[in-house]
Amino acid sequence: MSRILAYLEIDDRVVPAGDAYFNFRRGRLTGTFSYDRAYIARPGAYAIDPSLRLTTGSWALPQGLPGAFGDAAPDRWAGT
């Protein structure tokens, strides 16, 4: 299982937005995401992806990477 810490820039400050956990098993990528409670409480907080509602709790991610994570991932790994 891999953990990704999600950060956003709001008002020229980098703030923690939440945690994503990914697992690749039997050829399938699964994951969950939860917003940081302090992020949700911030004025100006917004959902980082349309598939990730701005609410508390841990949410199953849609199959594959949501756009917010896919956009930040490398297009290809070195040496491939």
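A nonpolar core, as the term is used here, is a set of buried Ala, Val, Leu, Ile, Met, Phe, Trp, Tyr and Cys residues joined through side-chain atoms within 4.5 Å. Keep that in mind for the first close-up; the model throughout is a predicted one.

**View 1. The largest nonpolar core has 14 residues.** Look for Ala17, Phe33, Tyr35, Tyr39, Ile48 and Leu52, the members that touch the most others in this core. Strands E1, E2 and E3 each put in at least two residues. E2 is the top contributor, with 4 residues. For the wider setting, 24% of the 80 residues in the protein chain are buried.

**View 2. The whole chain, for orientation, holds 2 helices and 4 strands.** Walk along the sequence and you'll meet them in the order β-β-β-α-β-α. Among contacts with a separation of 6 or more, 28% come from residues 24 or more positions apart. The chain's accessible surface is about 5,800 Å², and carbon and sulfur atoms own 51% of that.

**View 3. Strands E1 and E2 pair up antiparallel, with 9 bridges between them.** To find your place in the ladder, start at Ile4, whose bridge partner in E2 is Ala20. The two strands make a hairpin with 2 residues between them. E1 covers residues 2–10 and E2 covers 13–25, with Asp11 sitting in the loop that joins them.

**View 4. Zooming in on the E1–E2 turn brings up Asp11 and Asp12, which both lie in that loop.** Asp11 has a phi near 50 degrees, a positive value in a residue that isn't glycine. Asp12, not a glycine either, also has a positive phi, about 60 degrees. Are these two aspartates buried or exposed? Asp11 has a relative accessible area of 66%, so it counts as exposed. Asp12 comes in at 72% relative accessibility and therefore counts as exposed too. The cut-off behind both calls is that exposed means over 50%.

**View 5. Arg3 and Asp19 meet in a salt bridge, 3.2 Å from N to O.** This pair ties together distant parts of the chain: Arg3 belongs to strand E1 and Asp19 to strand E2, 16 residues apart. How many salt bridges does the count come to? The total is 1 salt bridge. As for the arginine's surroundings, Arg3 is exposed because its relative accessible area is 51%, and the threshold for that label is over 50%.

**View 6. Strands E2 and E3 are antiparallel as well, joined by 8 bridges.** E3 takes in residues 28–35. A handy landmark is Asn23, which stands opposite Thr30 in E3. At the end of this hairpin there are 2 residues between the strands, and Arg26 has a positive phi near 55 degrees.

**View 7. Leu5, Tyr7 and Val14 form a nonpolar patch on the surface, about 310 Å² in area.** Val14 is the member to pick out in strand E2. With 60% relative accessibility, Val14 passes the cut-off and so counts as exposed.

**View 8. Gly44 and Asp11 are 33 residues apart in sequence, yet their C-alpha atoms are 9.1 Å apart in space.** Where does Gly44 sit? Gly44 is in the loop between helix H1 and strand E4, the strand that spans 58–60. Gly44 is exposed, because its relative accessible area is 55%. At the other end of the pair, Asp11 is in the loop between E1 and E2, so this view puts a residue of each loop in one frame.

**View 9. Ala41 and Thr55 lie 14 residues apart along the chain, with 10.0 Å between their C-alpha atoms.** Ala41 belongs to helix H1, which runs over residues 37–41. Is this alanine buried or exposed? At 63% relative accessibility, Ala41 counts as exposed.

Definitions and conventions
Residues are numbered from 1 along each chain as its sequence is written. This is a predicted model: local features need pLDDT of at least 70, side-chain atom pairs count only at pLDDT 80 or more; totals for chains, interfaces and linings use all residues. Side-chain values use heavy atoms; hydrogens and water are left out. Buried means under 20% relative accessible area, exposed over 50%, partly exposed in between (1.4 Å probe, protein chains only). Contact means heavy atoms within 4.5 Å. Accessible areas come from the Shrake-Rupley method with a 1.4 Å probe; for residues, only the protein chains shown count as cover. Two strands pair if DSSP finds at least two bridges between them. Patches are made of residues with over 30% relative accessible area and no salt bridge: like charges are joined within 9 Å, nonpolar side chains (Val, Leu, Ile, Met, Phe, Trp, Tyr) within 5 Å. A salt bridge is a side-chain nitrogen of Lys or Arg within 4 Å of a carboxyl oxygen of Asp or Glu.
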